[in-house]
Amino acid sequence: GTVTLSLLPGTATKALDYGLTVIPPAGSPYATRCTPVGVTVGGAATAPVSLLTVMLERRPVLAGTVTNAAGAPVGNVAVTATAGPLSIDGCDNTPAVSSSTHADDYGNFLLPLDPGTYQLDYDPPAGSAAPRLTELAVTIPAGFGQISQPVKLPPAGLVQGTVYAHDGSPLSSATIRIFEVRCTIQAGDCSGPMRTPPWLRAQTATDAHGTFRAVVPILGAAN
C-alpha cells in the first residue's frame, strides 16, 4: 500500500499544499477517499517528504438475487453499475467508481460500490428466456455494510426476424440492438444537452441463415 509521488515544490518562500485522492480499483472492498490537504512541499525541500497515512473505509456492498417474472432465479446475469456524474462528498471532480460482476448459478450477486448514485443494468446470458433490465438513480448511501437489492426481471416477449443484404441474400453475424425510445418531441428532450437517451432492451446477432431471436420486456411491464 506504499506509494511514491513526484510533486512540484512551491517557491522558496511559500510551500504548496496538495490534496490526496485515493481511488481503489473496481471490485475492491475499499472506498474512494479524498483528503483536502495531504502533504505540504516547500520550495527548498530536497529530501523526500513523508506523506500522511490514509485510512480507507470499506465500500457498501450491493447484495441481491436476480429472478424472472415468475420468481425463479436467473443465473449468470451480468450486473453493471454505472456511476452518475456527481462527485463523491469531499472529492472535487471525482465520481464514484463504476463496477460490474456476474450473478452465480442461483442469481445471487455481491457488488462493492462507492457511495453515490448509479444506473444498474442486468444482462441475462445469451439464450436466456429472461429480458434485460435497467434501473435508474439507484442510491448507495455511505455507512452501510450491505444493501439488499432484490431484482425481478420483467415479463418477456420475443422478437424474431431475418436480415437480408442489399442483394437479397441472408446476412449472417449482423448485430441486432433493440432500444426503447424514452424522449418525446413535445418535451423537447430528443436532442441537445437535455436529451433523454433510449434504453437498450436487447442485443443479439443473426445466425448463418440471417435469422435472429431477441428477448425483450413486454411493453408496460418493465421499469
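Reader: Which residue meets the side chain of Arg59 in a salt bridge?
Author: This is a predicted model, in which local features need pLDDT of at least 70 and side-chain atom pairs count only at pLDDT 80 or more, whereas totals for chains, interfaces and linings use all residues. Residues are numbered from 1 along each chain as its sequence is written, and side-chain values use heavy atoms, with hydrogens and water left out. A salt bridge here is a side-chain nitrogen of Lys or Arg within 4 Å of a carboxyl oxygen of Asp or Glu. At 2.9 Å, N to O, the side chain that meets Arg59 is that of Asp114.

Reader: How many residues apart are Arg59 and Asp114?
Author: Strands (E, at least two residues) and helices (H or I, at least four) are DSSP runs numbered from the N terminus. Arg59 lies in the loop between strand E2 (33-41) and E3, and Asp114 in the loop between E6 and E7, so that the pair links distant parts of the chain, 55 residues apart.

Reader: Is Arg59 buried or exposed?
Author: Buried stands for under 20% relative accessible area and exposed for over 50%, with partly exposed in between (1.4 Å probe, protein chains only). By that scale Asp114 and Arg59 have one class in common, and it is buried.

Reader: Which residue forms a salt bridge with Glu180?
Author: The closest N and O atoms of this pair are 2.7 Å apart, and the partner is Arg201. Glu180 lies in strand E12 (residues 175-180) and its partner in strand E13 (residues 199-205), so the pair ties together parts that are 21 residues apart in sequence. Glu180 is partly exposed at 25% relative accessibility, whereas a value of 5% makes the partner buried, and that partner is Arg201.

Reader: Which residue forms a salt bridge with Asp123?
Author: Asp123 is partly exposed, with a relative accessible area of 25%. Its partner counts as buried at 10% relative accessibility. The closest N and O atoms of the two are 2.6 Å apart, and the partner is Arg132.

Reader: Which residues of the largest nonpolar core touch the most other members?
Author: A nonpolar core is a set of buried Ala, Val, Leu, Ile, Met, Phe, Trp, Tyr and Cys residues joined through side-chain atoms within 4.5 Å. The largest one has 25 residues, and those touching the most other members are Leu62, Val66, Phe109, Tyr118, Tyr122 and Leu153.

Reader: What is the angle between the planes of Phe109 and Tyr122?
Author: Rings of Phe, Tyr and Trp (its six-membered ring) pair if their centres lie within 6.5 Å, and planes under 30 degrees apart count as stacked, over 60 as edge-to-face and the rest as tilted. A search of the whole structure finds 1 aromatic pair. Phe109 and Tyr122 form a tilted pair, 6.3 Å centre to centre, and the angle between their planes is 55 degrees.

Reader: Why does this aromatic pair tie together separate parts of the sequence?
Author: Phe109 is buried, with a relative accessible area of 4%, and Tyr122 is buried too, at 0%. Because Phe109 lies in strand E6 and Tyr122 in strand E7, the parts tied together are 13 residues apart in sequence.

Reader: Which cysteine is joined to Cys183 by a disulfide?
Author: A disulfide is taken as a pair of cysteine sulfur atoms within 2.5 Å, and the structure holds 1 of them. The torsion about the S-S bond of Cys183 and Cys190 is about 100 degrees, so the disulfide is right-handed. Cys183 counts as buried at 18% relative accessibility, while its partner is partly exposed at 33%. With S to S at 2.2 Å, the cysteine joined to Cys183 is Cys190.
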